[in-house]
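Trainee: I have a model open and want to go through its core and its sheet. Can we start?

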Amino acid sequence: MERLKGKKALITGGAQGLGACFAHMFADEGAKVAVTDINADGAEATAASINEKHPGAAISFSHDVTDQEHWKRALAGTAEAFDGLSVLVNNAGIGTAGNIETETFENFQRIQDVDVGSIFIGTQLAMPYLRNNTPGSIVNIASVAAYIANGDSLSYNVAKAGVVMMTKSIALHCTKQKLDIRCNSICPAFTRTPIIDPLIAFAGGDEAAEQKLVKGVPMRRIADPEEIGFTAIFLASDESRFVTATEIRVDGGMTAK
């Protein structure tokens, strides 16, 4: 359908899971895609797979999203390869279990650095490129954890709530500056990616374990990555030109309670 024809996107955390899914789906819709990940081999494999179907549509970078120099290199390389950058997808993120008594400050800080700090660094450094390639779109991947607290997910809850609020602040800055750059977040519930494998294994590792995991999801199932991907495509495309400073909850009704 080429909903993203002419778009030039950088997607972090693209070695696997949602990031890899986004990269493939964006390329299928006509975008050029830079796939970045701290797992350089995985990012390269994603790009190679895309290029088998869409020759020249993808490149990759080794990228620690907490490192400003890595961001500068990835952004400059993307702009050089694609003659600009018009879409930034901040997808990279981590999360661990821990409550206020068991969590270490070092681990708390690491999760904030990766999940929140990376969006600050990356978006700030990407702004000059986006300014020169409007209409631009920034898509931040948050989580239903921004709205549903868990006593054993302290660091992750704090981080994803921060992503939602940072998204709004960035978006309002762009409107105040009269920039044709939008910023929105996506808040998925449990999605079938490697990140939930340990949760399913902990619950028993079978279909019954999955049902335990999604008991709080009214639709009673785990989301497919593509269901999050279609939302990302919408926000990256010109179809959403009047959508900014908001979050889309792709959660099977989980946050409606």
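Trainee: Which residues in the largest nonpolar core touch the most other members?
Mentor: Bear in mind that this is a predicted model. The residues are Leu10, Trp71, Leu75, Met127, Leu130, Ile138 and Ile181, out of 35 in that core.

Trainee: Which element gives the largest share of this core?
Mentor: Helix 4 does, with 9 residues. Helix 3 (68–82), helix 5 and strand 6 also give two or more residues each.

Trainee: What does Met127 touch, leaving out residues up to four places away in sequence?
Mentor: Ile138, Cys174, Leu179 and Ile181. Another core, of 30 residues, lies apart from the one we started with. Phe26, Val33, Ala43 and Ile50 are among its members.

Trainee: OK, the sheet. What is the strand order?
Mentor: The order is 3-2-1-4-5-6-7, in an open sheet of 7 strands with parallel pairing. Strand 3 (58–62) and strand 7 (247–250) are the edge strands, each pairing on one side only. From one strand to the next the twist averages 15 degrees.

Trainee: Ile138 came up twice. Is strand 5 buried or exposed?
Mentor: Buried: this holds for 6 of the 6 residues of strand 5 (residues 136–141), so the strand is largely enclosed by the rest of the structure.

Trainee: Which residues are on each side of strand 5?
Mentor: Gly136, Ile138 and Asn140 are on one side, and Ser137, Val139 and Ile141 are on the other. That split fits a general pattern: side chains in a regular strand alternate between the two faces of the sheet.

Trainee: How many bridges join strand 5 to strand 4?
Mentor: There are 4, and strand 4 (residues 87–90) runs parallel to strand 5. Val87 stands opposite Ser137 there. Between these two strands the chain passes through helix 4 (residues 105–131), in a right-handed β-α-β crossover.

Trainee: And how many bridges does strand 5 share with strand 6?
Mentor: 6 bridges, again in the parallel sense, with strand 6 covering residues 181–188. Ser137 has Arg182 as its bridge partner in strand 6. Helix 5 (residues 154–176) completes a right-handed β-α-β unit with strand 5 and strand 6.

Trainee: Other end of the sheet, then. What is the bridge partner of Lys8 in strand 2?
Mentor: Lys32. Strand 1 (residues 8–12) and strand 2 (residues 32–37) pair in the parallel sense over 5 bridges.

Trainee: Which strands does helix 2 touch?
Mentor: Helix 2 (residues 40–53) packs on the sheet against strand 2 and strand 3, and its direction makes about 180 degrees with that of strand 3. Helix 5 also packs on the sheet, touching strand 5, strand 6 and strand 7, at about 160 degrees to the direction of strand 6.

Methods. Residues are numbered from 1 along each chain as its sequence is written. This is a predicted model: local features need pLDDT of at least 70, side-chain atom pairs count only at pLDDT 80 or more; totals for chains, interfaces and linings use all residues. Side-chain values use heavy atoms; hydrogens and water are left out. Buried means under 20% relative accessible area, exposed over 50%, partly exposed in between (1.4 Å probe, protein chains only). Two strands pair if DSSP finds at least two bridges between them. A crossover is right-handed if, with the strands pointing away from the viewer, the path from the first strand over the helix to the second runs clockwise. A nonpolar core is a set of buried Ala, Val, Leu, Ile, Met, Phe, Trp, Tyr and Cys residues joined through side-chain atoms within 4.5 Å. Contact means heavy atoms within 4.5 Å. Axes are lines fitted to C-alpha atoms, for helices over the stretch in contact, and angles run from 0 to 180 degrees between N-to-C directions.
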